[in-house]
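I set out to look up the disulfides and the aromatic ring pairs in this structure. My entries follow in the order in which I made them.

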Amino acid sequence: MDIMESIFQRISIRSYESQPAATEELEVVRRAGEEAEALTQTEMQFHLRTHEDMGKEVKGLIGNYGKTIHAPHYIVLAARESDGYLTDAGFRFEQMVLEATRMGLGTCWVGLMFKEASLRTFLGLDDSWRVIALTPIGQPAAPSLKSRTLRALAGSAARKPLEKNFFWQRHGAALPTEVLAHEQMSQILEATRWAPSWMNRQPWFFLLTGHEVMVYKNKHKNREGKDYHLLDCGIAMAHLHIAAKAQGRGRRWELGNFEIPGAPDVEAFGRYNLEIA
């Protein structure tokens, strides 16, 4: 499949075949993370490890979903803290995840559900590094009826409609009919809407102005004072960028502090040059 197909085909895989994937395929995926387009100059590492290597580090992984994941391999993302690093982490790691999907491999975003200090030590990293996220990776196991049902619910119907997250000129204003009816723009917006997020909360908003798109979110802090919703926003930004490139409209995200008309208390942190035809 091509990269756009992977956006709409990818689902979180929590059951894997025990047989390892080909080492060459796994290295292609890992390198896709290392070579992914970036938003910042943040130093990042993509570590490929086997289940045997990880051992106790992945015992009970994402148990809050009611099921422990056992996969033959895992890829772990580590980054040094810098301005925009969480957004960039989501942006880069999702590019890697979509490449894995394109190659027929299963993945599942996992964040905040592992012992970071222990995993950092296991990877041989000092305290200047943050372990941001990881994904199991391998051949998906044949889905059960229950898992197929859950996957269907996690699809388009479980995501917010466009009018909840995408606005025109000012926060809360509906997109005009001509934008929604424009084939290329509707494909870009729909691809962005399909971005995965923690508990499918989709914390992002996108404001279209006619010549650019701005991304913003409600102000929020959680674990250790870090706003991990920025990680989710980086994933959505990757989807918009990939879809824009596929339509011949790709530019580059610019990070910074921006004003959003109609929403003075939000956090706006990125804009993208996208001419709305």
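Entry 1, disulfides. I worked from a predicted model. I counted zero disulfides in it. I then looked up two cysteines. Cysteine 108 has a relative accessibility of 2%, so I recorded it as buried, the cut-off being under 20%. Cysteine 233 has a relative accessibility of 0%, and I therefore entered it as buried too.

Entry 2, aromatic pairs. My count of ring pairs came to eight. I examined the pair of phenylalanine 8 and tryptophan 194: the ring centres are 5.8 Å apart and the planes stand at 75°. Because edge-to-face requires an angle over 60 degrees, I classed this pair as edge-to-face. Phenylalanine 8 belongs to helix H1 (residues 3-9), whereas tryptophan 194 sits in the loop between helix H9 (183-193) and strand E6 (204-208). The pair thus links distant parts of the chain, 186 residues apart. I noted phenylalanine 8 as partly exposed, at a relative accessible area of 25%, and tryptophan 194 as buried, at 14% relative accessibility.

Entry 3, a second pair. For tryptophan 253 and tyrosine 272 I found ring centres 5.0 Å apart and planes at 55°, so I classed the pair as tilted. Tryptophan 253 lies in strand E8 (residues 253-255) and tyrosine 272 in strand E9 (residues 267-273), so the pair ties together parts 19 residues apart in sequence. I recorded both tryptophan 253 and tyrosine 272 as buried.

Entry 4, a cluster. Which residues do ring pairs link into a cluster? I listed Phe166, Phe206, Trp253 and Tyr272 as its members.

Terms used:
Residues are numbered from 1 along each chain as its sequence is written. This is a predicted model: local features need pLDDT of at least 70, side-chain atom pairs count only at pLDDT 80 or more; totals for chains, interfaces and linings use all residues. Side-chain values use heavy atoms; hydrogens and water are left out. Rings of Phe, Tyr and Trp (its six-membered ring) pair if their centres lie within 6.5 Å; planes under 30 degrees apart count as stacked, over 60 as edge-to-face and the rest as tilted. Helices (H or I, at least four residues) and strands (E, at least two) are DSSP runs, numbered from the N terminus. Buried means under 20% relative accessible area, exposed over 50%, partly exposed in between (1.4 Å probe, protein chains only). A disulfide is a pair of cysteine sulfur atoms within 2.5 Å.
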